[in-house]
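Please find below a colleague's note on the structure shown here. The points are numbered so that each may be taken up separately.

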Amino acid sequence: MSFISKIFHNKEKKFNKIKVDQEVLNSVIYYANQAYPNEFLALFDGKIKDKILYITSLIFLPGETGNSGAVFHSDMIPPTLKYWGTVHSHPGPSAQPSDADLYTFSKHGLFHMIVCLPYSYQTFKAYDKYGNTINYTIGNYEHLNKNDYDDFFDEDDILDDNEILKPGLLDETDEFNQEFNDF
Ligand code: ZN
């Protein structure tokens, strides 16, 4: 049993790998830039398939994208809402979780990310609910949102586990950031 599966071992929620859709990260980068110099915060939606946790979309909380900062109002989360964790931006050079972040991690899911300046794929850090850094890979998993026929797709064809960042993805991010710099 690997380190991660030990941490996440749980009757309902069992996975030993995490894969994050690149569009989810693109959205976080977009909204983090919009919220700057304040923080942006959202929840992670996704699903487990074959013991892999796929993060496939964001759940936005009311009031979190404006100029009010990313104070985590857990009373804004409907009690029936299912989510896997949180993501937020740090408008500074460090993606280390604060004490408040560690508390949020422990209460609100299993997988958490922080992105720091300059917002890009490279400045994301991922944490488990205890604040330990964990590994993840980036790919294209949007089809998992749309239907349950995903066996027609082999997501491993799109991005291998070892290929976290392809040059194409980096270029895309640079362009993306450039847009905001120009703005
Ligand atoms: Zn934070």
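The points below pass from the overall fold to the metal site, one helix and the nonpolar core.

1. Status of the model and overall fold. The model is a predicted one. The protein chain holds 6 helices and 7 strands, and their order along the sequence is α-β-α-β-β-β-α-β-β-β-α-α-α.

2. Burial and contacts of the chain as a whole. The protein chain has 183 residues, 45% of which count as buried. Its accessible surface amounts to about 10,000 Å², with 50% belonging to carbon and sulfur atoms. Among contacts in the protein chain with a separation of 6 or more, 65% are made by residues 24 or more positions apart.

3. The zinc ion. Which protein atoms act as donors to the zinc ion? They are NE2 of His88, NE2 of His90 and, listed twice, OD of Asp101, at 2.0 to 2.6 Å from the ion. Along the chain these donors show the spacing H-x1-H-x10-D. The pair His90 and Asp101 links distant parts of the chain, 11 residues apart: His90 belongs to strand β4 (residues 85-90) and Asp101 to helix α3 (residues 99-107).

4. Geometry and burial at the metal site. The angles among the 4 donor atoms run from 55 to 159°, and the site is irregular. The site does not count as tetrahedral because that class requires all angles to lie between 85 and 135 degrees. Why does His90 count as buried? Its relative accessible area is 10%, and buried means under 20%. Asp101 is likewise buried, at 10% relative accessibility.

5. The two sides of helix α3. The metal donor Asp101 is one of the buried residues of α3, together with Thr104 and Phe105. Viewed down the helix axis, these buried residues fall within an arc of 100°, so they line one face of α3. The face turned away from this buried side bears Asp99, Ala100, Tyr103 and Lys107, which are exposed.

6. Surroundings of helix α3. The elements covering the buried residues of α3 include β4, β5 (111-116) and β6 (124-127). After α3 comes Gly109, which has a positive phi, near 110°.

7. The largest nonpolar core. This core comprises 28 residues, and Phe111 and Met113 touch the most other members. At least two residues each come from β1, α2 (22-35), β2 (41-49), β3 (52-60), β5 and β6. Helix α2 gives the most, with 6 residues. In soluble globular proteins, nonpolar side chains tend to be buried together.

8. Contacts of Phe111. Leaving aside neighbours within four places in sequence, which residues is Phe111 in contact with? They are Ile18, Val20, Phe44, Leu53, Ile55, Trp84, Gly85, Thr86, Ala126, Tyr127, Ile134 and Tyr136.

9. Val20 in strand β1. Val20 lies in β1 (residues 17-21) and counts as buried, at 0% relative accessibility. Apart from neighbours within four places in sequence, Val20 is in contact with Leu25, Ile55, Phe111, Met113, Tyr136, Thr137, Ile138, Gly139 and Tyr141. How far apart are Val20 and Tyr136 in sequence and in space? They are separated by 116 residues in sequence, while their C-alpha atoms are 7.0 Å apart.

Methods: Residues are numbered from 1 along each chain as its sequence is written. This is a predicted model: local features need pLDDT of at least 70, side-chain atom pairs count only at pLDDT 80 or more; totals for chains, interfaces and linings use all residues. Side-chain values use heavy atoms; hydrogens and water are left out. Donors are N, O and S atoms within 2.8 Å of the metal (3.2 Å for Na, K and Ca); water is not among the atoms, so sites may look incomplete. Four donors count as tetrahedral if all angles lie between 85 and 135 degrees; four count as square planar and six as octahedral if opposite donors are over 155 degrees apart and all others between 65 and 115; anything else is irregular. Helices (H or I, at least four residues) and strands (E, at least two) are DSSP runs, numbered from the N terminus. Buried means under 20% relative accessible area, exposed over 50%, partly exposed in between (1.4 Å probe, protein chains only). Contact means heavy atoms within 4.5 Å. Accessible areas come from the Shrake-Rupley method with a 1.4 Å probe; for residues, only the protein chains shown count as cover. The arc is that of the directions from the helix axis to the C-beta atoms. A nonpolar core is a set of buried Ala, Val, Leu, Ile, Met, Phe, Trp, Tyr and Cys residues joined through side-chain atoms within 4.5 Å.
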